[in-house]
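Before reading any single contact closely, it helps to ask how far the coordinates can be trusted. The walk below begins with that matter and then moves from the interior to the charged side chains and the backbone.

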Amino acid sequence: MTTAILSALPEEQSSLVPHLLHPQRLVHAGRFFWRGDLCGRPVVLALSGIGKVAAATTATALVERFGVARIVFTGVAGGVGDGVNVGDVVVAQDYLQHDMDASPLFPRWEIPGYTRSRLACDTALSALLLEAASACVSSASGQFGSKNGVTAAAAGVLHRTHHGLVASGDRFVSAADESHRLRNSLRDAGHDVLAVEMEGAAVAQVCHDYGIPFAAVRTISDRADDTAHVDFPLFVQTVASRYAEHIMLAFLQKL
Ligand code: ADE
């Protein structure tokens, strides 16, 4: 039973590759994939690409070409929920596309043909990811000093693990007023969103279509506000790959 580990960022993938036993690099659909064993489990490591279409293509290739039995996503996200801060970790409970709008033909945010807006992540895989993420967050809290180049927002703060709704869309949200508008309009419709990113909902939809389990963990790199474009690259360079490495290795040991 092969597990796909889909990363949003090359930094995350490259932190996992050195741990592979019998590594094999393959090219398919213009993408690099790594096959091997990680913590005694057969895995395929892949990069999602940026945005929903790229992520859906990669997820489809993982199922069709590599025959994976489940997909686990690791990446970063912008925090939009109250108290979802830089350095926190969000394990997705379910996903929604915040830029889906086929109204008035379908209710706002509903995926046409699916009679719903939200797609649930696999409960058992998400529970294991939550355990792995919580352990990593408590051991990392307080270690993000400004000397490591991490944003002031993450320095010396106790971090938290959250579990809830994540929204994806083909936009890097980088203005506080946009972030508030997005969060408030979703909340008014009963969707209390914790974080935004650009790929997860597409992968959730592909996994739903193929009937395979999906789970996702996202480290908060920015607050999707006016400094997001500064916080994001700094966080990616300094923290994201370490988080991905520790959470995914701990997760695989629990499988
Ligand atoms: N991924 C990380 N930060 C993000 C943001 N602010 N908007 C969309 N995707 C993100």
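Over residues 144-153 the pLDDT stays under 50, and for this stretch the model has 22 contacts beyond four places in sequence. Where pLDDT is low, the predicted coordinates should not be read in detail. This is a predicted model, and for the protein chain as a whole the mean pLDDT is 92, with 93% of the residues reaching 70 or more.

With that caution in place, the interior is a useful place to begin. The largest nonpolar core has 71 residues, and those with the most contacts inside it are L62, I71 and F214. Helix α6, which covers residues 228-254, gives this core its largest share, namely 10 residues. A second core, separate from the one just described, has 11 residues, including V80, W109, V173 and L182. To see how one of the well-connected residues is surrounded, one can look at F214, which, leaving aside its neighbours within four places in sequence, is in contact with I71, F73, Y95, C121, D122, L125, G200, V203, A204 and C207.

The charged side chains come next. A search of the whole structure finds 10 salt bridges. In one of them the side chains of K52 and D170 meet at 3.8 Å, N to O, and this pair links distant parts of the chain, since K52 is in helix α2 (residues 52-64) while D170 is in the loop between β8 (161-168) and α4 (176-188), 118 residues apart. The two partners can also be described by their accessibility: K52 has a relative accessible area of 13% and is therefore buried, whereas D170, at 42% relative accessibility, counts as partly exposed. The pair does not stand alone, for K52, D99 and D170 are linked in a network of salt bridges.

Another salt bridge joins K254 with E131, whose closest N and O atoms are 3.3 Å apart. Because K254 lies in helix α6 and E131 in helix α3 (residues 123-140), this pair ties together parts that are 123 residues apart in sequence. Here K254 counts as partly exposed, at 35% relative accessibility, and E131 counts as partly exposed at 44%. A further salt bridge is formed by R171 and E178, with the closest N and O atoms 2.6 Å apart. In this pair R171 counts as partly exposed at 45% relative accessibility, while E178 counts as buried at 13%.

Which charged residues are buried yet have no salt bridge? One of them is R31, for which the nearest side chain of opposite charge, E199, is 10 Å away. R31 is found in strand β3, which spans residues 31-38, and its side chain reaches the backbone oxygen of A29 at 3.0 Å. Leaving aside its neighbours within four places in sequence, R31 is in contact with L26, S48, A54, T57 and T58. Another is E12, in helix α1 (residues 10-16), where the nearest side chain of opposite charge, that of R218, is 6.6 Å away. A polar atom of the E12 side chain lies 3.4 Å from the backbone nitrogen of G75, and beyond four places in sequence E12 is in contact with S7, T74, G75, V76, A240, S241 and A244.

The residue A29, whose backbone oxygen is reached by the side chain of R31, leads on to the backbone itself. A29 has a positive phi of about 55 degrees although it is not a glycine, and its place is in the loop between β2 (21-28) and β3. At 44% relative accessibility, A29 counts as partly exposed.

A positive phi is also found at T115, which is a residue other than glycine with a value near 50 degrees. T115 is in the loop between β6 and β7 and has a relative accessible area of 70%, so T115 is exposed. In the loop between β6 (89-97) and β7 (119-120) there is also P104, and the peptide bond that leads from S103 to P104 is cis, with omega near 5 degrees.

Conventions
Residues are numbered from 1 along each chain as its sequence is written. This is a predicted model: local features need pLDDT of at least 70, side-chain atom pairs count only at pLDDT 80 or more; totals for chains, interfaces and linings use all residues. Side-chain values use heavy atoms; hydrogens and water are left out. Helices (H or I, at least four residues) and strands (E, at least two) are DSSP runs, numbered from the N terminus. Buried means under 20% relative accessible area, exposed over 50%, partly exposed in between (1.4 Å probe, protein chains only). Lys and Arg count as positive and Asp and Glu as negative; His and the chain ends are not counted. A salt bridge is a side-chain nitrogen of Lys or Arg within 4 Å of a carboxyl oxygen of Asp or Glu. A polar contact is a pair of N or O atoms within 3.5 Å; within protein, one must be able to donate a hydrogen and the other to accept it, and residues adjacent in sequence count only if both atoms are side-chain atoms. Contact means heavy atoms within 4.5 Å. A nonpolar core is a set of buried Ala, Val, Leu, Ile, Met, Phe, Trp, Tyr and Cys residues joined through side-chain atoms within 4.5 Å. pLDDT is the predictor's confidence in each residue, from 0 to 100.
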